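I wanted to see how the helices of this model pack and what lies around the ligand. These are my notes, in the order I looked things up.

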Amino acid sequence: MSLSRGAFIVFEGLDRTGKTSQTRRLYNRLTEKGIKAKLIHFPERSSAIGQVINAYLTNAQDLPDEVIHLMFSANRWEHINGIRQEMLAGTTFICDRYAYSGAAYSVAKGLHFDWCCSPDRGLIKPDAVIYLKASSDEAIASRGNYGGERYEKLEFQRKVGVVFDQFCEKESSYWHQFDACQSEENLHAEIAAIVDEVLKETPSQSLAKLT
Ligand code: 2DT
């Protein structure tokens with residue numbers, strides 16, 4: 001009997017929409033149910049490429065927009081074979097940000113959408129994208145000031161949000177939008193219900209690639 005593959009569940013959304021807490025909650029829920037799961041987060045800052053990305057995000061280093069875009073993509077490529085192997089051996093991955101963040105943040109700076117998507121083509125296509133969207137900027141702002149990293153400014157975040165919305169509309173077969181302003185508990189329950197459905201389907205489906 002062949003082993004069922006794990007799922008690839010991606011969380012996307014603007015800063016401070018609760019992605020990190022929700023990915024943890026989902027991870028805890030799956031592991032409590034005996035499902036083999038791993039949490040990952042892009043950018044993965046520990047590799048050599050990840051350290052350059054970290055220096056850029058913390059304003060310690062400047063790079064042309066195109067260069068940092070390609071580094072973010074390279075950071076996914078350097079981890080994808082390991083992820084694929086583990087998925088095929090049955091591990092479900094919960095991934096905090098992925099290629100959609102890559103495109104959204106770079107398009108918000110003015111880079112061309114197709115150019116931005118191109119380096120990520122061939123990466124694993126998620127089984128589901130959990131899109132956390134704030135129904136009001138104010139609710140998110142009330143969670144406290146943005147931090148000091150490069151992109152944490154409201155006007156820029158709004159531009160990024162427009163690109164996420166476009167993905168959500170265009171890729172509606174596997175994007176699921178949730179109101180990030182509801183209680184953490186409710187949000188978790190809504191996400192868990194969708195993920196349960198996704199996990200029923202994935203073992204029988206082969207891995208697809210981003211196109
Ligand atoms: P975190 O706060 O989640 O660590 O993200 N970003 C992320 C990009 O511009 N391109 C990408 O490909 C990815 C994955 C989003 C740090 C910032 O990096 C941005 C916020």
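Before listing packing partners I fixed the term: two residues are in contact if their C-beta atoms, placed from the backbone, lie within 7 Å. The model is a predicted one.

**Entry 1, helix α4.** I started with α4, which runs from 99 to 109. Nine of its eleven residues are buried, so α4 is largely enclosed by the rest of the structure. I listed the buried ones as Ala 99, Tyr 100, Ser 101, Gly 102, Ala 103, Ala 104, Tyr 105, Ser 106 and Val 107. They pack against β1, α3 (65-88), α5 (113-117), β4 and α7. Just after α4, I noted that Gly 110 takes a positive phi of about 115°.

**Entry 2, His 69.** I then looked up His 69, which is found in helix α3. Is His 69 buried or exposed? It counts as buried because it has 22 C-beta neighbours inside 10 Å, and the cut-off for buried is 20 or more. Leaving aside neighbours within four places in sequence, I found His 69 in contact with Gly 102, Ser 106, Leu 111 and Cys 116. Gly 102 and Ser 106 are among the buried residues of α4. His 69 and Gly 102 are 33 residues apart along the chain, yet their C-alpha atoms are separated by 6.8 Å.

**Entry 3, the ligand.** Which residues surround the ligand? I listed Asp 15, Phe 42, Pro 43, Leu 57, Phe 72, Arg 97, Ser 101, Gly 102, Tyr 105 and Tyr 151. By type, this shell divides into six nonpolar, two polar and two charged residues. The helix that gives the most to the shell is α4, with three residues.

**Entry 4, the largest nonpolar core.** This core has 36 residues, and the members that touch the most others are Phe 8, Ile 9, Cys 95 and Ile 130. I checked which elements supply at least two residues each: β1 (8-13), α1 (19-32), β3 (92-96), α4, β4 (128-133), α7 (154-170) and α8 (184-201). Here too α4 gives the most, with six residues. I followed Phe 8 further; beyond four places in sequence, its contacts are Met 87, Phe 93, Cys 95, Ile 124, Pro 126 and Asp 127.

**Entry 5, the second core and α2.** I also found a second, separate core of five residues, which includes Ile 49, Val 52, Ile 53 and Phe 72. Phe 72 is also one of the residues around the ligand. Helix α2 (residues 48-57) has Ile 49, Val 52 and Ile 53 as its buried residues. Seen down the axis of α2, these fall within an arc of 100°, so they line one face of the helix. What covers them includes α3. Just after α2, Asn 59 takes a positive phi of about 65°.

**Entry 6, helix α8.** I checked the length of α8 last. At 1.5 Å a residue, its 18 residues should span 26 Å, and the end C-alpha atoms are 26 Å apart, which agrees. Its buried residues are Leu 187, His 188, Ile 191 and Val 195. They cover an arc of only 90° around the axis, which puts them on the same side of α8. I found that these buried residues pack against β1, α1, β4 and β5 (175-179). The face turned away from the buried side carries the exposed residues Glu 185, Asn 186, Ala 193, Asp 196, Glu 197 and Lys 200.

Methods: Residues numbered from 1 in each chain as written. Predicted model: local features only at pLDDT ≥ 70, side-chain atom pairs only at ≥ 80, totals over all residues. Core = buried A, V, L, I, M, F, W, Y, C linked by C-beta atoms within 7 Å. Buried ≥ 20, exposed ≤ 12 C-beta atoms within 10 Å, placed from the backbone. Helix = DSSP H or I, 4+ residues; strand = E, 2+ residues; numbered from the N terminus. Expected span 1.5 Å × (residues − 1). Arc of directions from axis to C-beta. Near = placed C-beta within 6 Å. Nonpolar A, V, L, I, M, F, W, Y, C, P; charged D, E, K, R; others polar.
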